[in-house]
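Please look over the sequence and the model shown here before reading on. The report that follows describes ligand surroundings and buried cores.

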Amino acid sequence: MVTATTDEAAVVVIDDEESIREGCRQTLSAEGYRAMVAQDGQRGVALVERDRPSVALVDLKMPGMSGMEVLERVRQIDPETITIVITGYGTIASAVEAMKAGAFDYLTKPFTPKDIVEVVSRGLEKQRLARSSTELESDRQTALSNFAAVVCQQLSAPAADAAQCIEAVSSGRTGALTDQQKSMLEGASLRIKDVTGVLEDWLALAQAVAGAAELESVDLRAVIQDAWQAVTERDKPERIEFKLKVSETARPVRGNARLLRELFTRLLANSAKFTPPAGSIEVDVAPEDGQTVVSVKDTGVEISSEELPHLFDPFYQGSRAAPEGSDGPGLAIAERIASAHGGTASASSAPGEGTTFAVRLPAEPDMSLTPTAEPPVAPVEARPPVAVATQALTDRQLKAFVDSMIATRNVVGVKDKEGAEGRFVFGPLERAEELRLDYDVTILPPRKYLMPARETLVRFDLGDSPKAEACVEDIAPTVLVGMHPYDMIATNQLDRLMSDASPDPNYLARREALTVIGIDPARASEKAFWGAVGCDAVEDGFDLWLTDIGGAYVVEVGSEKGAALLAEHAQGRDATNEEIAARAASREGLQQIGAVRPVSFRPTELPALLRRCFEHDLWAEQAESCLSCGSCNMVCPTCYCFDVQDEVDISLKSGRRYRAWDGCLLEDFAKVGTGENFREKRLQRYRHRFYRKGMYLYDKYGFIACVGCGRCAAACLPDIADPVNVFNTLQEGTTK
Ligand code: SF4
Ligand code: SF4
């Protein structure tokens, strides 16, 4: 399913009463809003987290998570979301409470479509006004910071000149000096150093206000270690014990590494300055509500409650006793950098307990690639409404369903590979009996149905009236049965790539013609690690999804197309609550089934890990054995590179332009028209593939392009293509 992007405002309705939900959805959709619904608080919060709607309508009285809790969670996720509570006449007092706690308005049941539209449009107007005033303030701050930057830069040059002159005179190059003259020059040199320090501080502050320009995935452990090293080298704090603890579950943050290093250098320098010898500074990095929180606790002088609110003011002159005197704008710079990243900085202090600074930064999204403690809540109602509910089919009914489809359309599915026992392929089905839904992995991924190994792009005629026409050939509506979640996730990634800046018409036409029936895996291959990288479950992209619950299959409907297919060919019935519970139980075990290989890295940490390891010896050592055969590229569900060639027929009058699979490991892949090859060495090609999987696409699209299928590891003769071996080695090498 290729999803179009829309600009209309998104509104989520969270209410346990179906009639209210559906009424709101229909009314809002008719008004052009992107309306989504959820039947309980937990699903509603998951929807808000995923889709960041402009408005949330929340029923105050719901079983499970209460409306007030939902409002609180929505505020934490995005304080700009307009919240409107839905309430009955008897509970207006609670609605007033909700408004005191920040809700924009309330609707009392029963209400009319006009009431809904009015309150939502008023809410959006308020949001628009608030945003434009924030933008004005931000423009003002940027103008001020630009001015400060210009002034600082202009003062820096004369200050440097003055320092040079003083140095020249002090060195005696301009004649002998008396002791008094020497002492006066030393004093002047120290004053100039102070001025330069102040200019550097204000320049850093101006840059922080201007915002973090280049964003990347930043590993805070490395940043904080670098910052402490800078503080110890520059300030040489006496006998202060430094401890850094990073929680296993803390996620990297999206930010600018240079500015974040500046932030923690300023914070740690401040703590070091006010901590007496033999004291300690403890830094803890931990996740909290979708953020990464860094707390810096020192055993230094405490701050009074009167001073705390002014601590991050750039003109604050701290009164804590310290040899060097005031804080300067160091803490203001730290706070502005946190805020430029969408985060906050705060401080707390208690008598005899020193001071604790807390920096909260938005964490990198999970991308559902990191295993989570709890199974993700599927916001099923966020998809377009479908005609039938979750169905159940017995084994016999499933076979009849597949046979009925085969009788009327192209159906491909997973079958035994002829002559290769225990190996499986996607291929055309002639009868349901051929289907092997108990397979572990197929040799090639289903990508071949979206990008055939060779496909014509353009037909041209060089005759009397030359012409060229783009074409998509040999395409027919096809149903594909048996896709596993990791292949579905890879297909969703391809959908995104192929619909991006230059949409690929051939891919998109084939995707439109493909109906996907997926299935939860029954087992995994010996090289698989999809369960260890969070690719054991998928929430969209499919039309129908099967879960074998023993003797029957629960069928989840993912699209109108899937619903129509079921209605036309299957004789199932709505799934019972017990069957749906059995499906949930079966899915709980999937992560373990798919974690065959021991993985010591977390997918979202790969970009930061790879950034540190570009010169690692491993690349050259492994590349030595690479045969440049390209097998690792050909079997990968997320690889999509191709070569374009022209071919003229025997009459020399007409021909075609076609594309054929290519791979970045092949020798000529990076050879250009002039004969130059910009990845000539095996080492470059070998390393490039891992960077593409673990960093480049993440930086551009926010996903890791390895779904843990293990096909490359199985296909590589010298056994050097396995991402688990490579990433584990890099990770273990950097954490030792
Ligand atoms: S890199 Fe290897 S394990 Fe990862 S998706 Fe591609 S083939 Fe599968
Ligand atoms: S890494 Fe292995 S599969 Fe890939 S090109 Fe080299 S030898 Fe072939």
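In this predicted model, ligand 2 is surrounded by Cys-626, Leu-627, Ser-628, Cys-629, Gly-630, Ser-631, Cys-632, Leu-665, Cys-716, Pro-718, Ile-720 and Ala-721, where a residue is near a molecule if one of its heavy atoms lies within 4 Å of it. The shell around ligand 1 includes Phe-529, Cys-636, Arg-689, Lys-693, Cys-706 and Pro-723. The table gives the make-up of each shell, with Ala, Val, Leu, Ile, Met, Phe, Trp, Tyr, Cys and Pro counted as nonpolar, Asp, Glu, Lys and Arg as charged, and the others, Gly among them, as polar.

| Shell | Nonpolar | Polar | Charged |
|---|---|---|---|
| Ligand 1 | eight residues | two residues | two residues |
| Ligand 2 | nine residues | three residues | no residues |

The largest nonpolar core has 64 residues, of which Tyr-486, Trp-619, Tyr-686, Val-726, Phe-727 and Leu-730 touch the most other members; such a core is a set of buried Ala, Val, Leu, Ile, Met, Phe, Trp, Tyr and Cys residues joined through side-chain atoms within 4.5 Å, buried meaning under 20% relative accessible area (1.4 Å probe, protein chains only). Because domain 3 (391–593) and domain 4 (603–735) both give residues to this core, it lies between them, the domain bounds coming from an automatic or database domain assignment. Apart from it lies another core, of 37 residues, among them Leu-268, Ile-281, Val-285 and Leu-361.

Residues are numbered from 1 along each chain as its sequence is written, and chains are lettered from A and ligands numbered from 1 in the order in which they are written. Because the model is predicted, local features need pLDDT of at least 70 and side-chain atom pairs count only at pLDDT 80 or more, while totals for chains, interfaces and linings use all residues, and side-chain values use heavy atoms, leaving out hydrogens and water.

Conventions. Buried means under 20% relative accessible area, exposed over 50%, partly exposed in between (1.4 Å probe, protein chains only).
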